Every structure is written in C-alpha cells, then in structure tokens.
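Let's take a walk through this fold, one strand at a time. Have the model open and follow along.

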Amino acid sequence: QFRLSQPTALSHKSSLARLLSTLALLEQREGKLNVSSLAAVTAAQKLGGSVTGFVAGSGVKAVADEAAKVKGIEKVIYVENGAYDKGLPENFAPLVVENIKKGGYTHVLAGHSAFGKNVMPRVAALLDSQQISDITNIEGEDTFVRPIYAGNAILTVQSTDNIKVVTVRGTAFPVGEQEGGSAEVVEGVDPKAECATEWISEDLAKSDRPDLATAGRVVSGGRGLKSKEEFDRLMPPLADALGAAIGASRAAVDSGFADNSLQVGQTGKNVAPQLYLCAGISGAIQHLAGMKDSKVIAAINKDPDAPIFQVADVGLVGDLFEKVPELTEKLKAQ
Ligand code: FAD
C-alpha cells in the first residue's frame, strides 16, 4: 500500500465543512442512456452524500427522465445542445466544470470508458485536480483503490484535492436498480465553449450478440485457434449456444483472427461476467488483468501447465479443435 500524500489538517477540516456531493457523468448515444455509465452512480452512492446525474447532447431530456428513475440519484442535470453529442473533450470538459462550479460538488465521477478517459483529464486540469483513474474500491471520501501494473499491485491513494475527479472501473461497481427512483430533473448551464475539433465520422462494429463489456457470459479465443477461419468456425456457435459475447486475446487480435474491439485484457476491455470460457489462451498477466474478476472462469487448453489453469475454476486439458465443437453440441442439445 502506498499513500501518495497525507491530508493536511486544513483540507480535512474543509472537507468536513462541505457536504459531500457527487456529480456523476452519464453517457448517452442518440438519445439513449448508456446503462453501463451508471457504474459512476453506484460508486457515487458508495461514497455517500447526494448524487446528481449529468447528461448533455441533443434530445437528452428523455435520457434525463430515464436516469431520474435510477435508484439513488437525487437530481439529474441535463444540457440540450447537439454540440455535446459525441462527447468531444474540448467543449464537454468546460461544460462539466461550469456545472460543477454552479453546484459546488465535492466529487465528479465518470466511467473509465472511452468517454471518461477522454473528458475527465481535461476536467481535472481545469479544476487543478489530480485525476484518480480506474478505481475499483472506495475506502473513504478521499481514499480510493486502483490496480496498477496490469493488476499485479493494488494502490490505495489519498487525495487532498478540493474536488476529486475520479473514473471508475465498471466491473467493480455493478449497475443497480433502474426503477423506483424519482429524481428532480433540471436544466444545467451551457457555457457554449468553442471546440477546435470537428467530429467527422465513426465506424462502429455491429453485432447482435451481447455487449462484451457488460455480458453475463463471455467466450474468448486465443492464438491456439490458429487462424481467422477456425476462430469464425468455432467461437460463434459456442457463443450462440451460451447466449454469450465473444472476446479474444491480444495475440488472436494481432494475428487478425478477431476484431480489435473484442480484445480482453490490460490494453483491451475489462470484463467480469458470470462465466468466462476461454479456449487456446495461455493466461498471460496482461490477459488476466481484463478477466480475472469473472465469477466462474473455465479454460480449455492442451497444455496442462498453461498459467490460465492457475486462475480457472474449471479446466479442461485437451485439443480445442475437438473439445469446443463437442461442448457446443452438448450445450445445444440441452
Ligand atoms: P499464446 O500465449 O500463444 O497462447 C496460446 C495458447 O493456446 C497456449 O497456452 C497453447 O497451449 C494453447 N493451444 C494451442 N493450440 C491448442 C489446441 N489445439 N487446443 C488447446 N489449446 C491450444 N494480451 C491480451 O490478451 N490482452 C491484452 O490486453 C494485452 N495487453 C498487453 C499489453 C502489453 C503492454 C503487453 C506487453 C502484452 C499484452 N498482451 C495482452 C499480450 C500478452 O502478453 C500475451 O502475449 C497474449 O495474451 C497471448 O495470447 P494467447 O494466450 O492467445 O496466445
């Protein structure tokens, strides 16, 4: 455990004097609330104090109304302006900061998503705070836990900043009940900051399968699958039989077997499904960093000494080209 800095008596006193209140940034796409961004709300609730949701873009009143039903949110602030649709940090960060200043919040939280990683460092810089990234636990109003070195060490950081700027790891703060709340919905301030960046286009991978980051079941393939043809032949039927999302190791992605968006691990997605079933993955620490919090880990590998078996709850030593089709058939027959 490291303590980065000790709180001064002054900062402690001032934090006691101010009531703890958190602004949780919510994400939306085309007027629909991104449910996984509600992890910031779960974390805010753990902090204690009041929780205010924040959303901006075009047609976001409907998103704000949806968020108002989430249990634990007391207020939702929305800013209607198409300039915020894509979450460009150049204008989104000043927008967030204006609303923080108006509301006098002590904490601002967002998911450790592409959006959060884009916007929050600028929010922190504008507030002269040091961002605390990718937290997995909260020990107090100024003390947060975060993994470092691909999860091989756990750092406990204590912040003396006046306003804490924090991104949260979604898998560590499961989204709570989305019904039953009745938050007040109010319009926020819009500084209409200039944005030197222009949004050109996006190319999104489309899939009917569950979203990898939030799926309850994930089947993942590694370099052991040998080729893209074999990956495509074996993994989708297994995923379909389980109603699972498909993931891949970096070696599988780098070899062109699977799309980059499917990569699980330190430089890919963090997942923590009920079931993580992997085939032909050795279990390198960088891969484990993205999936070791899964509830049940099952692994198929022909090498009985593969490191994946050290974290697996269920292991099958064998040739995946036999075992995966066999398992798929058995699951389909159920
Ligand atoms: P390999 O290590 O080659 O393992 C293949 C496995 O398949 C072996 O265990 C083998 O026994 C088994 N196998 C082969 N044939 C069969 C068969 N017929 N039947 C059954 N089993 C078989 N990796 C990630 O996954 N995600 C990351 O985010 C990531 N980030 C990284 C970041 C950094 C900075 C670095 C340095 C590395 C990162 N890596 C990441 C790469 C990581 O170190 C490993 O190289 C990678 O995870 C290996 O992928 P793999 O297990 O598919 O391949």
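Start with helix α2, residues 39-47, which lies across β8 and β9. Its direction is at about 20 degrees to β8. Keep in mind as you look that this is a predicted model.

Now look at the strands under discussion. β8 and β9 belong to an open sheet of 3 strands, in the order β8-β9-β10, with antiparallel pairing. The edges are β8 (137-140) and β10 (153-158), each of which pairs on one side only. Going from one strand to its neighbour in this sheet, you'll find a turn of 30 degrees on average, ignoring direction. To see how β8 is held to β9 (residues 143-148), look for the 3 bridges that join these antiparallel strands. A handy landmark there is G140, which stands opposite T143 in β9.

Next, jump to strand β6, residues 107-111. How many of its residues are buried? The count is 5 of 5, so to speak a mostly covered strand. In a regular strand, side chains alternate between the two faces of the sheet. You can trace that pattern here: H107, L109 and G111 point one way from β6, while V108 and A110 point the other way. Whichever way they point, all of them are buried.

What about the partners of β6? Strand β1 (residues 21-25) runs parallel to β6 and is joined to it by 3 bridges, with T22 standing opposite H107. Strand β11 (residues 164-168) also runs parallel to β6, this time with 5 bridges between the two. Here L109 of β6 stands opposite V166 in β11, and L109 is one of the buried residues you just met.

How values were computed: Residues are numbered from 1 along each chain as its sequence is written. This is a predicted model: local features need pLDDT of at least 70, side-chain atom pairs count only at pLDDT 80 or more; totals for chains, interfaces and linings use all residues. Side-chain values use heavy atoms; hydrogens and water are left out. Two strands pair if DSSP finds at least two bridges between them. Helices (H or I, at least four residues) and strands (E, at least two) are DSSP runs, numbered from the N terminus. Axes are lines fitted to C-alpha atoms, for helices over the stretch in contact, and angles run from 0 to 180 degrees between N-to-C directions. Contact means heavy atoms within 4.5 Å. Buried means under 20% relative accessible area, exposed over 50%, partly exposed in between (1.4 Å probe, protein chains only).
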